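Please find below a colleague's note on the model, set out as numbered points. It starts from a single loop position and then turns to one helix and to the chain as a whole.

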Amino acid sequence: KASKASSPVKRCRLGARMAKTGSVSVLSGRRGSVPTLFRAAATRLSVGSRGPPPRSDRGPGRCEPPTNFGARSALRGDARLCRGRSGFRTMSSQGDAGSASHDLLVVGPGVLGRLIATRWREEHPGSRIVGETASDLNHGDLKSLGCFDEVRTRDEAGGEPGGAYPYVVFSAPPSGSENYEAEVERAAEKWDGTGSLLFTGSVAVYDLDEGNCTETTKVKAIGDSERTDKLLSCENVVLKRGGNVVRLVGLYHSRRGAHMYFLKIHTVPRWGQACINLIHYEDAASLCYNAMTMAGSGGEPLRGRVFLGCDNNPISFQKMMDATLLSGEYTGHVTFTGEAQGSVGKLTTNDQTREDLGWEPTFESFEAFMKAGAKDTFCSTEQGE
């Protein structure tokens, strides 16, 4: 394996490195152990997952070695020539979205932020990538990934002038900040207005409890809930500056997600036929990459846009767990004890986002992912322990 000294191009082996180093919360700084990998990393699961179950709940190391994220992404719908509503739109490798530089600031480099940084390093090896956290407790882990030129706390970045980066992505969850909107505002001030500013939000802002939900579904009014008020306020901070927003559904990978949480607690007080909307972490990262680098029909950067990240295949809790156990990669049992409801819940689709960004997920559904053996960048994290 090439070292940094022997090659000018930095490489990230995200799954393998994370497996060896464990994880730390990007905002709270609490360290997790390897068996509870990514326990405190950024996530937006609608069921409130706190990480994978104990090691005894899953068979040891049955997956293949990690696959290179950048190579996988070449197979996705984020090619440099993409068809949208207005015809073909090109992405220039020398200046995506109207910027001559590709320097990137990742605020909140949790699981999603690290995947974005990994892709960025592979696509733009000469760029400078900075990861910013609330504390320095996870800096050793982040530096060991090889994706970041600099890792710092927000306090250490206090003296940095505004407008220092053509690309800024804010992927930290609201749970680790006393003043989330102020954190987003501070990150937005670091953007120079050329490339792209991106905020990763949540579909929780849509004012819909049941039925079909798309990019155009009405959002909740300010005052409906403290959580959605906070998210919508942060979206407005970004949108008013010309930045973009990606609203994400429940995130998962082979070692993290609602399926792992349910395997951990065994008895789930939810109706088994209620549906959950999902997207794989790697697909969410590729969608965010496209949102940051895709140009409009006239070659101009995308400005003030809202996209929706989902796999277009809502799944019931029961079918999700059936697919998990039938994959042969997990052991355990889950019982749903919730009473039947009048509706299965919100069902998200993102056809407009796919058309506008020329994007398709690699993992078209949770069931397809499990049927293929639950193989992704993270699936070999128990091997060699």
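1. Thr 362 sits in the loop that links helix H10 (351-357) to helix H11, where helices (H or I, at least four residues) and strands (E, at least two) are DSSP runs numbered from the N terminus. Because its relative accessibility is 34%, Thr 362 is classed as partly exposed, that is, between buried (under 20% relative accessible area) and exposed (over 50%), with a 1.4 Å probe and protein chains only. Its C-alpha atom is separated by 9.4 Å from that of Ser 286, although the two residues are 76 apart along the chain.

2. This is a predicted model, in which local features need pLDDT of at least 70 and side-chain atom pairs count only at pLDDT 80 or more, whereas totals for chains, interfaces and linings use all residues. Residues are numbered from 1 along each chain as its sequence is written, and side-chain values use heavy atoms, with hydrogens and water left out.

3. Helix H7 (residues 258-265) has Ala 258, His 259, Met 260, Phe 262 and Leu 263 buried. The buried residues of H7 pack against helices H9 (317-326) and H11 (366-371), and also against strands E12 (250-252), E13 (267-268), E14 (275-276) and E18 (335-336). Just after H7, His 266 adopts a positive phi of about 70°.

4. For the protein chain as a whole, eleven helices and 19 strands are assigned, and 56% of its 385 residues count as buried. Of the contacts (heavy atoms within 4.5 Å) between residues at least 6 apart in sequence, 79% join residues at least 24 apart.
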